[in-house]
Every structure is written in structure tokens, then in C-alpha cells.
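User: I have a model open and want to go through it by question and answer. Please keep it brisk.

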Amino acid sequence: MVATMAEETKNPARDIPIGLVGSMSMITIGMKWAKYLVSICALKGMTTSLLVGSMGQARYMTQIARSHMIPPFFALVHPKTGTPVNATLVITLLSSIVGLFSSLDVLSNVFSISTLFIFMLMAVALLVRRYYLRQKTSQEDLMRVLGCLFVIIASSAVGTALWNANKLGWIGYTVAAVVWLIGTLAMSFLPKQRTPKVWGVPLVPWLPSLSIATNLFLIGSLEPDAFWRFFLCTAFMLLYYIFVGVHATYDVEHQNSQDFKDVKPTDEPNHAPFVT
């Protein structure tokens, strides 16, 4: 949720890394006495977690609305506070309705697998962004990047499956780990196409590759019913994206490009050709 607030921070290049590293450090220090403090503050913690969750999800909806995959009404922001009021209200209302009529176990499993899957995709996207640049990366290098990604993801998935099935023992885990290591090592020798201007993830591709393996391992520890619900929801969203989202985003991109071409060179720099 810290990452989704980047648009509303005064200095995101400085504040977002501090917020991410700080929050993750505080919840992984392993202090036993902290569990009593957490227990006392459980009610307050659940309330703030729900509020922060609504805020983060509203920002996702805002970005989706800006691409016109859903009505642009949800991308409108308050003129004074600069926050997406419409998206926040809708997300909070829908979440409350779903939470009222759904089982906690079902919600926790679906939420967990969705979040872990998104985190895995973020790691994949980071690798693609670092190693692929359209109209610059050669076809041969692109195939190498895709091949390394396939090896990393496949070895992580196989290792997770072997762990849950409890087959082959340490031999299977070792083979999967070695294949993952080879795929990551091969990617580390590929030429990078982008370099972060201010702050970027260090130890690329090792940290993103480890994130992929970790998230897939955690996904494999969830209940089987969570996978069926996740696949059904994902299938519905893919169909919506194919038949609606692709056309909507293409039209917006085409319109933005046309508006940019129509801007005269003498126009003032502060006058943007379009407003999202």
C-alpha cells in the first residue's frame, strides 16, 4: 500500500523507499514482546488495515479508469485534496458488502493468493523493464530474456510442487534450486536496457528472481479452494480485458498520441495537450 501512495507523496523518490524498507523491517524483527502489543491493538490494527486497503485499492481503480478500461468517472480526483474520492467511495462500499456476506476463510485465501500473484508479476515486470526496451532490444536478446524468465518461473513452480507433494526429498529441491540458479545467473549476463534515474531495486536480477520463487512458494501453501476461486475470477477478468479493455486502452493511447501531435511548438510548456 505504501507503493500505491507514490502519486500523493511530496518526494516519492525518497519517501517510498523509506516507507517500504521501514515498514518491512518493523514487521520482521522477531521481537516476542511485540505480540502482546499487537494483541492489545488488534482492533485498532484491523480498522486501520481496512482503511489502508481501501485507499490502496482505490488507487488501482484510478489507474484502471485512466486507461478507460472502466468508466473515467472513477479516475476523477477532488480539486482540493487531490485524492480519488469516487474510486475510494465505491471500493469501500463494495468491500463492505462483500465482507458482510462472505466467510473470513474464503476472503483471506483469495486475498492472499491475489496479493502474492501480483507481487510475483511485479518482480517479472521489473525484470522485463530492465532487460527489454521496445525498438532497441534485439529479437535474439528478447528470446534470451523470455527463456531466462521461463526457467526461473518453471523451476520455482516445480520446486513448490515437489515441496507440497513431499516427493523426491532433498534431491528434487536441489535440482529445482540449481535450475533456478542457472536461469538467474544467465539473465545476469544479459545487457540491461534501462538504468533507474533516482532509486532502483538493487541486485537485479537476483532479488526479483528470489521474489518470484518466494511468492510462488507461498502461493503453493494455500488451500486448494483458493486456486479455483482465483482461476475463475482471473478468467472473468481476462475475458473482460480481451473484449473490452484492449479496445478501450488502444483508443485512449491513439487519442493521446493524436492530441500530442496537434500541439503547436509555440504552445506554452505548462499547457498540457490532454488531462487524465
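User: What relative accessible area does R144 have, and in which class does that put R144?
Analyst: This is a predicted model. Buried means under 20% relative accessible area, exposed over 50%, and partly exposed in between, with a 1.4 Å probe and protein chains only. R144 has 41%, so R144 is partly exposed.

User: Which pLDDT do side-chain atom pairs need in order to count?
Analyst: Residues are numbered from 1 along each chain as its sequence is written, and side-chain values use heavy atoms, without hydrogens and water. Totals for chains, interfaces and linings use all residues, local features need pLDDT of at least 70, and side-chain atom pairs need pLDDT 80 or more.

User: Which residues are linked with R144 in a network of salt bridges?
Analyst: A salt bridge here is a side-chain nitrogen of Lys or Arg within 4 Å of a carboxyl oxygen of Asp or Glu. R144 meets E140 at 2.5 Å, N to O, and D141 at 3.5 Å. D141 is buried, with a relative accessible area of 17%. The network therefore joins R144 with E140 and D141.

User: Why are E140 and R144 about one helical turn apart?
Analyst: Helices are DSSP runs (H or I, at least four residues), numbered from the N terminus. E140 and R144 both sit in helix α6, and they are about one turn apart because their separation is four residues.

User: How many salt bridges does a search of the whole structure find?
Analyst: R144 takes part in a pair with E140 and in a pair with D141. D15 and R14 also meet, at 2.7 Å, N to O. D15 is partly exposed at 24%, and R14 is partly exposed at 49%. The search finds three.

User: How far apart are the end C-alpha atoms of α6?
Analyst: α6 covers residues 139-165, which is 27 residues. Its expected span (1.5 Å times one less than the number of residues) is 39 Å. The end C-alpha atoms agree with that, at 38 Å.

User: Which helices help to cover the buried residues of α6?
Analyst: The buried residues of α6 include L142, V145, L149 and I152. Their cover includes α5 (104-131), α7 (169-188) and α8 (206-219).

User: Which helix gives the most residues to the largest nonpolar core?
Analyst: A nonpolar core is a set of buried Ala, Val, Leu, Ile, Met, Phe, Trp, Tyr and Cys residues joined through side-chain atoms within 4.5 Å. This one has 21 residues, and L127, Y131, V145, L149, M187, L190 and I212 touch the most other members. α5, α6, α7 and α8 each supply at least two residues. With seven residues, the top contributor is α5.

User: Which residues does I212 contact, beyond its neighbours within four places in sequence?
Analyst: Contact means heavy atoms within 4.5 Å. The partners of I212 are M120, A123, V124, L127, I152, I153 and S156.

User: How much accessible area does the nonpolar patch with Y240 have?
Analyst: Y240 lies in helix α9 (residues 224-262) and is partly exposed at 34%. Patches take residues with over 30% relative accessible area and no salt bridge, joining like charges within 9 Å and nonpolar side chains (Val, Leu, Ile, Met, Phe, Trp, Tyr) within 5 Å. Areas come from the Shrake-Rupley method with a 1.4 Å probe, and for residues only the protein chains shown count as cover. L238, L239, Y240, Y241, I242, F243, V244 and V246 together have about 750 Å².
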